[in-house]
Amino acid sequence: MKKQYIKTQIAMRQAEFPTLLKKRECQLPIDVDKIITIPGVRRCGKTSRMEGVVNELLNSGVGRERILWVSFDDERFVNMIPDEFDLIIEAYREMYPHIDMQSVYIFFDEIQLINNWEYFVMRLFKHYSKHIYISGSNATMLSSELKSALRGWPDEQETLPLSFKEYCVFNEINTESWLEADMAKLRNAFAAFNNEGGFPEVVLTNNPLQKTKMLQTYFDTMLLKDLVEHYKLKNIEALRYFLKRIMANLTKPTSIRAIFGDIKSQNLKVGKNDLYEWAGYACNIFLFIRVPNFNKSLKKIESSLPKYYCIDNGLYSSVLLPQSDDDGKKLENTVFLHLYRHKTPIQQIFYYQGKAECDFLIQSGVSIEQLIQVTWRMDNEETRKREIRGLVEAAELTGCKNLCIITADTQEVITLDNGLEIKVIPAWRWLLGR
């Protein structure tokens with residue numbers, strides 16, 4: 001019965017292609033003789049990126065019968081054991097006995113739900129096909145263990161919710177025009193993007209109430225499926241409260257010890273070590289991304305309080321009640337996600353906190369190549385002095401002279417008495433590289 005279902009799923013997926021899709025900025029590679037791994041948070045568009053590959057293959061003349069697609073987020077695969085993986089190949093070969101497996105393109109969606117899948121995929125790659133794409137919502141898809149199991153063959157293509165440019169494409173907004181009317185649309189689009197985030201299905205939904213409900217459902221699924229079920233956690237009430245506390249501390253250094261004291265005051269029973277594990281798990285499922293405090297001492301970096309940025313502003317807004325200072329917090333989160341999306345393998349993102357603060361230090365190799373502050377407005381003199389002071393202190397420490405302040409809609413160049421120059425850029429321009 002399981003083999004028969006596999007045949008049915010393969011045939012159904014073949015019949016559904018080509019799929020009508022909005023194109024993402026970065027397309028997945030084709031014919032590179034690598035196992036393409038596509039990790040990322042739930043509902044961020046991993047499946048659609050793989051469907052884009054299928055569309056390209058069909059457009060290039062590859063027959064749909066050479067597409068082998070299996071989605072493992074189906075209850076009929078829940079109890080699948082490693083010995084049953086061969087049923088997939090058996091099912092496909094029975095369907096298409098005349099097709100050489102070397103010419104088949106294999107797509108496994110949400111494969112991390114099945115234990116020990118790595119060894120099966122490696123065997124497929126070695127003996128059957130060099131065209132393998134796998135997606136998953138757990139950070140084990142990015143782990144060193146995965147690289148070891150796949151013998152150095154994976155090409156990681158991490159997927160995030162939509163960038164601002166992709167958000168504009170999805171909403172059919174021209175990002176190239178310099179006409180005043182079009183730039184006004186971009187400003188309005190950025191304000192909406194900064195609030196609702198970039199989960200594709202949410203962006204394509206017009207009803208604001210429906211958007212909120214969808215995002216709350218995403219959060220509940222991450223909580224119950226990716227955390228409670230996957231990591232076998234039991235204290236759901238304390239876990240939910242803990243995740244909200246980290247979200248509420250967005251853009252600030254986060255003390256797990258302080259949250260532990262807060263949870264105890266709420267009469268929720270949980271161990272301090274459990275909270276440290278939960279924070280790691282939340283990063284594993286891509287809900288949060290951890291950013292350390294910069295220091296020239298590695299030991300001090302490891303012992304400092306990190307910041308936790310949320311994978312999506314809309315998710316943040318739907319889980320927490322709106323606050324008066326949310327625009328600035330969400331702008332900083334938006335800037336971080338853009339930096340994270342475009343960082344190279346040799347780059348690291350830090351924040352700096354000394355006598356003053358600097359939101360982001362971008363380190364490339366051993367040198368700091370850029371310092372960035374983020375503030376919603378620059379018209380308040382106290383805010384202006386604070387942002388400049390943080391940049392100057394970080395610049396004196398690191399020797400970096402590439403200084404930038406990103407705002408909601410202010411553009412200018414500030415020249416300081418010491419010769420340093422600070423570029424002030426509207427976020428919508430910076431995100432589009434204009």
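This short talk walks through one sheet and a few helices of the structure above. Please keep in mind throughout that what we are looking at is a predicted model.

Let me begin with the sheet, which is open and is built from six strands in the order S8-S9-S10-S11-S13-S12, with mixed pairing. For those new to the topic, strands of a sheet pair through backbone hydrogen bonds, and they may do so either parallel or antiparallel. At the edges stand strand S8, residues 347-353, and strand S12, residues 412-415, and because each has a single partner strand, one side of each is left without a neighbour in the sheet. If we ignore direction, neighbouring strands of this sheet are turned against each other by 25 degrees on average. As an example of one pairing, strand S10, residues 367-374, and strand S11, residues 403-407, run parallel and are joined by four bridges, and here you can find leucine 371 standing opposite leucine 403 in S11.

Which strands does helix H15 touch as it packs on the sheet? Helix H15, residues 326-342, touches S8, strand S9 (357-364), S10 and S11, and its direction makes about 5 degrees with that of S9. This helix has 17 residues and reaches 24 Å from its first C-alpha to its last, which is close to the 24 Å expected at 1.5 Å a residue. Of the 17 residues of H15, 13 are buried, so the helix is largely enclosed by the rest of the structure. Helix H16, residues 381-398, lies across S8, S9, S10, S11, S12 and strand S13 (421-426), and it runs at about 170 degrees to S10.

Let me now turn to another helix, H10, which covers residues 236-248 and reaches 18 Å from its first C-alpha to its last. Its buried residues are Ala238, Leu239, Phe242, Leu243, Ile246 and Met247. It helps to remember here that an α-helix has 3.6 residues a turn, so residues three or four places apart point the same way. Among the elements that cover the buried residues of H10 are helix H9 (208-229), helix H12 (272-284) and strand S6 (288-291).

How do H9 and H10 pack, in terms of angle and axes? Their angle is about 120 degrees and their axes are 11 Å apart, and the two helices are therefore oblique to each other. The crossing in which H9 passes H10 is right-handed. Where they meet, the residues of H9 include Phe219, Leu223 and Leu227, while those of H10 include Leu239, Leu243 and Met247.

How values were computed. Residues are numbered from 1 along each chain as its sequence is written. This is a predicted model: local features need pLDDT of at least 70, side-chain atom pairs count only at pLDDT 80 or more; totals for chains, interfaces and linings use all residues. Side-chain values use heavy atoms; hydrogens and water are left out. Two strands pair if DSSP finds at least two bridges between them. Axes are lines fitted to C-alpha atoms, for helices over the stretch in contact, and angles run from 0 to 180 degrees between N-to-C directions. Contact means heavy atoms within 4.5 Å. The expected span of a helix is 1.5 Å times one less than its number of residues. Buried means under 20% relative accessible area, exposed over 50%, partly exposed in between (1.4 Å probe, protein chains only). Angles under 35 degrees count as roughly parallel, over 145 as roughly antiparallel, 65 to 115 as roughly perpendicular and the rest as oblique. A crossing is left-handed if the near helix is turned anticlockwise from the far one by less than a right angle, and right-handed if clockwise.
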